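Dear colleague,

I am passing on the structure that we talked about, and I would be glad if you could look through it with the notes underneath at hand. The notes begin with the cysteines and then move through the rest of the chain.

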Amino acid sequence: MHGFDKEGHPMCYNIYGSFQNKEFYKNTFSDVENRVKFLRWRFQFLEKRIRKLDFNPGVICTIVQVNDLKNSHGPDMW
């Protein structure tokens, strides 16, 4: 996690602008197998963070996730 918001919720920032590099983007997302690997990694990351939450009453039990898509190209890049 990357810190906490004003209310103490864990924060996770995902910045996808790093995929602006065409070769890096192509290697990561060019075929179904690589896209599946990336998605599995992202879900596993989030699942690990969820396991660390305390779901008792009165305790913060949510995560704030911010996906920054600035400078990301989307599926039309390849």
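How many disulfides does the count come to by the rule used here, which takes a disulfide to be a pair of cysteine sulfur atoms within 2.5 Å? The count comes to zero. Of two cysteines described here, Cys12 is buried, with a relative accessible area of 0%, whereas Cys61 counts as partly exposed at 32% relative accessibility; buried stands for under 20% relative accessible area, exposed for over 50%, and partly exposed for what falls in between, with a 1.4 Å probe and protein chains only.

Please keep in mind that this is a predicted model, in which local features need pLDDT of at least 70 and side-chain atom pairs count only at pLDDT 80 or more, while totals for chains, interfaces and linings use all residues. Residues are numbered from 1 along each chain as its sequence is written, and side-chain values use heavy atoms, with hydrogens and water left out.

As for the overall picture, the protein chain has two helices and two strands, and these elements follow one another from the N terminus in the order β-α-α-β; helices (H or I, at least four residues) and strands (E, at least two) are DSSP runs, numbered from the N terminus. Of the 78 residues in the protein chain, 22% are buried. About 6100 Å² of the chain is exposed, and carbon and sulfur atoms supply 56% of that area, the accessible areas coming from the Shrake-Rupley method with a 1.4 Å probe and, for residues, with only the protein chains shown counted as cover. Among the contacts with a separation of 6 or more, 60% are between residues 24 or more positions apart, where contact means heavy atoms within 4.5 Å.

The segment before strand 1 holds two residues that may interest you. His9 lies in this segment, strand 1 itself being 11–15, and His9 counts as buried because its relative accessibility is 13%. Leaving out residues up to four places away in sequence, His9 touches Gly3, Phe4, Ile60, Thr62 and Val64, and a polar contact of 3.2 Å joins its side chain to that of Thr62. A polar contact is here a pair of N or O atoms within 3.5 Å; within protein, one must be able to donate a hydrogen and the other to accept it, and residues adjacent in sequence count only if both atoms are side-chain atoms. Gly3 is also placed in the segment before strand 1, and at 25% relative accessibility Gly3 counts as partly exposed. Apart from neighbours within four places in sequence, Gly3 is in contact with His9, Pro10 and Met11.

Turning to the aromatic residues, a search of the whole structure finds two aromatic pairs. Phe38 and Trp41 form one that is tilted, at 6.0 Å centre to centre and with 40° between the planes; rings of Phe, Tyr and Trp (its six-membered ring) pair if their centres lie within 6.5 Å, and planes under 30 degrees apart count as stacked, over 60 as edge-to-face and the rest as tilted. Because Phe38 and Trp41 are three residues apart in helix 2 (residues 32–51), about one helical turn separates them. Phe38 counts as buried at 14% relative accessibility, whereas Trp41 is partly exposed at 48%. Phe38, Trp41 and Phe45 form one aromatic cluster. The charged end of Arg49 sits over the ring of Phe45, 4.3 Å from its centre, a description that requires NZ of Lys or CZ of Arg to be within 6 Å of the ring centre and within 35 degrees of the ring normal.

In the loop between helix 2 and strand 2 (64–68) you will find Asp54, which is partly exposed at 33% relative accessibility and whose side chain makes a polar contact of 2.6 Å with the side chain of Asn56.

Finally, Val66 lies in strand 2. Val66 touches Met11, Cys12, Tyr13 and Asn14, not counting residues up to four places away in sequence, and the C-alpha atoms of Val66 and Cys12 are separated by 6.2 Å although these residues are 54 apart along the chain.

With best wishes

Key:
A disulfide is a pair of cysteine sulfur atoms within 2.5 Å.
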